[in-house]
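Reader: I should be grateful for a close look at a single part of this protein, namely the site where the metal ions are held. Please describe the residues that form it and the elements around it.

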Amino acid sequence: MPQPLSTQPEFYLTVLSQLSEAIVVIDQAGGIVFCNPATEALLPGGLEGLAVPNKTTAYQVLDPHHRPLVAAELPLNRALSGQHLNNEELLLVMASPPCHRWVTVTSCPYPGPGSGHSLLTLRDISASKQREATLIAQAFHDTLTGLPNRHLFMDRLSHALALAHEHPNGLMALLFIDLNRFKVINDNLGHRVGDDVLVEVGSRLQAIVPPDCTIARLGGDEFAVLVEDIATSSSAIDLAEQLYAAIGQPFLLLSQEVYISASIGIALGPATYQSAGEWLRDADVAMYQIKDKPNQMWHIFDSSLRMQQNLRLQTEIDLRQALAKGELRLHYQPIVTISNQEICGFEALVRWQHPTRGLLPPGEFIHIAEATGLIIPLGWWVMTEACRQMQAWTTTYPVMAGFTVSVNMSSKQFSEHNLATKIQEIIVKTGFDAHRLKIEITEGVLIDHSDTIIKTLEQIKAMGIKLLVDDFGTGYSSLSYLHRFPFDCLKIDRSFIENADQDFEKLEILQSVVRLAWNLGLDVVAEGIETPRHYAQLKALRCELGQGYLFSRPLAPEAVEAMIMQKLAHSLDHTPTV
Ligand code: C2E
Ligand code: MG
Ligand code: MG
């Protein structure tokens, strides 16, 4: 047991004078018997404010919810009435200089000489309260933009829903804002620039939404606004259009002007909603309807969308099993040489033999496969099956030995590592000649993967595989990449063919695209040739290859075989083919 250093009173007084806590002993009448120097620092003007509920005192005492205390609740009066206070938190509002100070107060009967004396200890906890407040703010705010985060937004939504039960006829709007192709900025200009964009978007949105609305960053490139009191749905649309226009203003990034667009989903409430989650989900579903669709600013949720969403979810669940259960099929659409209408190859197009819904076209499920990542195994299955089938046909029908097969590859597949090695493995496994394989990619692939794509495309090309730009003219129509990337062929989108016979401008574009392709040494395939008139026009333009319902729809493998048999029979009769 260590010996006490000293029993001298000065020693204890020195110790007490060094404490940051205020130590006060009061007698039965509230008179001060003792207080250390920290007391004056903590309670300017003395103890009066701890006993008198009056704004004229040097400080006013409030409870933790910032409510003023009446006389009987004030700590000194409670101590005098014999109550024990145990670290009770109080807020002192100082008159001068005006500031807040958080303290804890403890009181107990003074154990030394002097009956009825009380000992009070007051500790300044302002610093830890400040830290706590910062932590709470961080937990509910997005650190990048400073806006409320998803957590706080959901809380506000729930709160708004609860209030709405009291005023069921009120109208509120939830706007879900998603930036289009934000990934391209992150990938091409770096994450720092991406962050700057998000901060700028946050402040542009904040500048527009009325002050009584809640605006939050939900995460990534998603923002949301809750408008708790709107007159009609058109006020929500007006706001959506203003937000859209603000985001559409150019961003100056690394000294270049960059344009960004957004998709905005609107869900009107609150009457139809039981939970915040449902409400936000519907706004998200509405946004998804127009995602990446040019010139579509906003979309309002209606209940038919919920049915579509349920169907989408069910499709997603079924699609996961479709691959394993072998429900996918390939159909083959002939590609012909325009000059003589002879078949020279096929485009392999995926179908899904759904157990209850029948044969589904890709439009019903490819976007879901893309969104869920299932496109990757699906894409490999398509390529493997197309090569296997073509190789099998080559063996059975030598007349098909020169036919090519085109396979569509999605942008998502290009995120895979060792893409070229995987393609090589398929070539080896199926024994198909790589020179007869064509890969169709859309312009979006080049934009999404601009930094790594050239190397991958060159590796693919080095195997002898041909590369083709699909749906040319519908994407970003930036011709510069045609020089940069090693393409062999352009496939002109059918929208150009469709209208070229009525729309002179479209015909002009078609002509220039064919000429451009020639100048770059690229082949041209025209897709969507439906009428003899389309055909005549493309023939006049001297476009090499064509594909369309005029020649044949996509065919199941058995139908291809039947067609080939017929072709063989016809050629024996020396009659024209197809
Ligand atoms: P795409 O690659 O542009 O394929 C051509 C689409 O146009 C096919 O639709 C085809 O049936 C249709 N088509 C061909 N000729 C005509 C015509 O004369 N008139 C009209 N109106 N349409 C014509 P499909 O089979 O529904 O495929 C749609 C899209 O789905 C494809 O467009 C492609 O982007 C995607 N897709 C199909 N199979 C696959 C696949 O295996 N992988 C991936 N990633 N996407 C695929
Ligand atoms: Mg295609
Ligand atoms: Mg196409």
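**The metal site and its surroundings**

Author: Glutamate 347 has a relative accessible area of 3% and is therefore buried. The model discussed here is a predicted one.

Glutamate 347 is one of the residues that hold the magnesium ion (ligand 2), together with Asn408, Glu440 and Asp470. The coordinating atoms are OE of Glu347, OD1 of Asn408, OE of Glu440 and OD of Asp470, at 2.0 to 2.2 Å. Along the chain, the donors of this magnesium ion (ligand 2) follow the spacing E-x60-N-x31-E-x29-D. Glutamate 347 belongs to strand S15 and asparagine 408 to strand S17 (residues 404–408), so this pair ties together parts that lie 61 residues apart in sequence. Asparagine 408 has a relative accessibility of 28% and counts as partly exposed, whereas glutamate 347 is buried.

The magnesium ion (ligand 3) is coordinated by OD of Asp470, OD of Asp471 and, listed twice, OE of Glu527, at 2.0 to 2.5 Å. The spacing of the donors of the magnesium ion (ligand 3) along the chain is D-D-x55-E. The magnesium ion (ligand 2) and the magnesium ion (ligand 3) are 3.9 Å apart, and aspartate 470 coordinates both. With a relative accessibility of 6%, aspartate 470 counts as buried. Aspartate 471 has a relative accessible area of 24% and is partly exposed.

Ligand 1 shares residues with the metal ions. There are 22 residues around ligand 1, and those that come nearest are Arg351, Asn408, Asp470, Glu530 and Tyr549. Of these names, Asn408 appears among the residues that coordinate the magnesium ion (ligand 2), and Asp470 coordinates both ions. Glutamate 347 also meets ligand 1: an N or O atom in the side chain of glutamate 347 is 2.9 Å from an oxygen atom of the ligand. For arginine 494, the distance from a side-chain N or O atom to an oxygen atom of ligand 1 is 3.1 Å. For glutamate 527, which also coordinates the magnesium ion (ligand 3), the corresponding distance to an oxygen atom of ligand 1 is 3.4 Å. On its own, ligand 1 has 800 Å² of accessible area, and the protein covers 83% of this.

The shell around ligand 1 draws on several elements. Strand S15 (342–354), helix H12 (375–396) and strand S19 (466–472) each supply at least two of its residues. The largest share, four residues, comes from S15, the strand in which glutamate 347 lies.

The site can also be followed into the elements beside it. Strand S21 (523–527) is one of the elements against which the buried residues of helix H19 pack, along with helix H17 (494–500) and helix H18 (504–519). Helix H19 spans residues 532–540, and its buried residues are His534, Tyr535 and Leu538. Seen down the axis of H19, these buried residues fall within an arc of 100°, so they line one face of the helix. As background, an α-helix has 3.6 residues a turn, so residues three or four places apart point the same way. On the other side of H19, the exposed residues are Pro532, Arg533 and Ala540. After H19 comes arginine 542, which has a positive phi near 60°.

Further along the chain, serine 552 is in the loop between strand S22 (545–547) and helix H20 (557–572). Serine 552 has a relative accessibility of 10% and counts as buried. Leaving out residues up to four places away in sequence, serine 552 touches Gln333 and Pro334.

One other helix may be set beside H19 for its burial pattern. Helix H6 (residues 182–189) has Phe182, Val184, Ile185 and Asn186 as its buried residues. The elements that cover them include strand S7 (172–179), helix H7 (191–208), strand S10 (251–253), strand S11 (256–258) and helix H14 (443–448). Glycine 190, just after H6, takes a positive phi of about 95°.

To return to the metal site: aspartate 470 coordinates both magnesium ions, which are 3.9 Å apart.

Methods
Residues numbered from 1 in each chain as written. Chains lettered and ligands numbered in written order. Predicted model: local features only at pLDDT ≥ 70, side-chain atom pairs only at ≥ 80, totals over all residues. Heavy atoms only, no water. Buried < 20%, exposed > 50% of the residue type's maximum accessible area, 1.4 Å probe, protein only. Arc of directions from axis to C-beta. Contact = heavy atoms within 4.5 Å. Donors = N, O, S within 2.8 Å, 3.2 Å for Na, K, Ca; no water. Near = heavy atom within 4 Å. Polar contact = N/O pair within 3.5 Å; in protein donor to acceptor, adjacent residues only side chain to side chain. Areas by Shrake-Rupley, 256 points an atom, 1.4 Å probe, with all protein chains shown as cover.
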